[in-house]
Amino acid sequence: MMIRFHKMQGLGNDFVMIDRRHERFDATLHTMSRLCDRRFGIGCDQLVLLDAPDRDGADIRVRFFNPDGSEAGACGNASRCVAALIGNAPVLQTSAGLLPSFITPQGEIGVDMGRPALEWHQVPLSHDIATLELPLPGGPAACSMGNPHATFFDGMDRAGRDGAVLERDPLFPERANIGCAEIVSRDVIRLRVWERGAGLTLACGSGACAAVVNGVRRGLLDRVCRVEMDGGALTIHWREEDDHVLMIGPATHVFEGLYPVDGQAG
């Protein structure tokens with residue numbers, strides 16, 4: 001069986017998208033891992049499945065899967081790419097809630113990622129401790145942007161060096177995305193993120209949101225901040241009036257094609 005897919009990228013954070021409103025596709029672990037593999041499949045940081053929504057107010061249902069088959073609650077860059085692919089500023093139904101999208105006058109794609117979750121059980125952490133400074137070397141801050149994040153503010157090297165171990169620290173019962181930031185000024189940071197289930201990526205949208213939220217909480221950053229990552233930059237605005245986090249940046253359709261999937265009924 002051949003399935004149609006779209007390859008999208010936001011700042012080098014790349015995704016294979018399958019629209020199951022038009023394609024019959026059984027998302028088995030083997031098939032998802034194969035599609036994500038950069039040598040034996042199409043290759044991507046995450047596989048994104050699109051379905052008809054089942055909640056009022058949503059235009060499209062979106063699910064995000066890592067190369068190891070684990071499901072992510074939210075993915076910021078993938079959400080922007082879905083909005084670019086679907087068009088007309090859709091409202092995305094995700095396991096993290098409804099995420100409205102928008103287009104800026106400059107043609108960039110924005111997504112309202114909602115309010116960050118700041119309590120220990122919301123991140124979640126394994127026990128009741130303050131999320132502003134965790135008892136780990138480097139003292140990161142933690143929050144959830146629909147998925148758990150820990151942000152370090154002592155430079156970017158830790159992401160590649162320690163990310164694989166920190167992701168699975170016992171403090172994070174559902175694992176965690178590990179963000180490592182270098183502060184340039186109150187409105188500019190550099191960031192590198194080790195994503196749970198995916199490894200080091202060129203950009204992470206929800207990680208950029210978490211870094212700004214945690215930086216503001218620490219008194220280090222302003223609420224509007226440029227986040228520079230290896231693949232490019234996002235503008236993050238943690239809006240004061242409602243605590244919603246807006247994420248704005250480019251999203252690009254790379255190509256589309258057909259891919260053979262064994263054992264799938266046509």
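This briefing covers the largest pocket, one helix, one buried loop residue and the salt bridges of the structure above. The model is predicted, so local features need pLDDT of at least 70 and side-chain atom pairs count only at pLDDT 80 or more, while totals for chains, interfaces and linings use all residues. Residues are numbered from 1 along each chain as its sequence is written, and side-chain values use heavy atoms, with hydrogens and water left out.

**Largest pocket**

- The largest pocket (an open set of points on a 1 Å grid over the protein atoms alone, with protein on both sides within 12 Å along at least five of seven lines) has a volume of about 150 Å³.
- Its lining residues (those with an atom within 4 Å of a point) are His30, Thr31, Arg34, Tyr259, Pro260, Val261 and Asp262.
- Helix H1 (29-36) and strand S17 (252-260) are the elements that give two or more residues to this lining; H1 gives the most, with three residues.
- Helices (H or I, at least four residues) and strands (E, at least two) are DSSP runs, numbered from the N terminus.

**Helix H3**

- In helix H3 (residues 157-167), the buried residues (under 20% relative accessible area, 1.4 Å probe, protein chains only) are Arg158, Ala159, Gly163, Leu166 and Glu167.
- Seen down the axis of H3, these buried residues fall within an arc of 105°, so they line one face of the helix; the arc is that of the directions from the helix axis to the C-beta atoms.
- Arg161 and Val165, on the other side of H3, are exposed (over 50%, with partly exposed in between).
- The cover over the buried residues of H3 includes strands S10 (148-152), S11 (177-185), S12 (188-195) and S13 (199-201).

**Asn66**

- Asn66 lies in the loop between strand S4 (60-65) and strand S5 (71-72) and is buried, with a relative accessible area of 3%.
- Leaving aside neighbours within four places in sequence, Asn66 is in contact (heavy atoms within 4.5 Å) with Asp45, Gln46, Ala72, Arg196, Gly197 and Ala198.

**Salt bridges**

- The count comes to 18 salt bridges (a side-chain nitrogen of Lys or Arg within 4 Å of a carboxyl oxygen of Asp or Glu).
- Asp45 and Arg38 meet at 3.1 Å, N to O; Asp45 is buried at 9%, and Arg38 is partly exposed at 49%.
- Lys7, Asp14, Arg38 and Asp45 are linked in a network of salt bridges.
- Arg175 pairs with Asp68, the closest N and O atoms being 3.3 Å apart. This pair links distant parts of the chain, 107 residues apart: Arg175 is in the loop between H3 and S11, and Asp68 is in the loop between S4 and S5.

Conventions:
On a 1 Å grid over the protein atoms alone, a cavity is a set of points where a 1.4 Å probe fits but cannot get out, and a pocket is an open set with protein on both sides within 12 Å along at least five of seven lines; lining residues have an atom within 4 Å of a point. Grid points are joined across faces, edges and corners, and a volume is the space filled by probe spheres set on the points.
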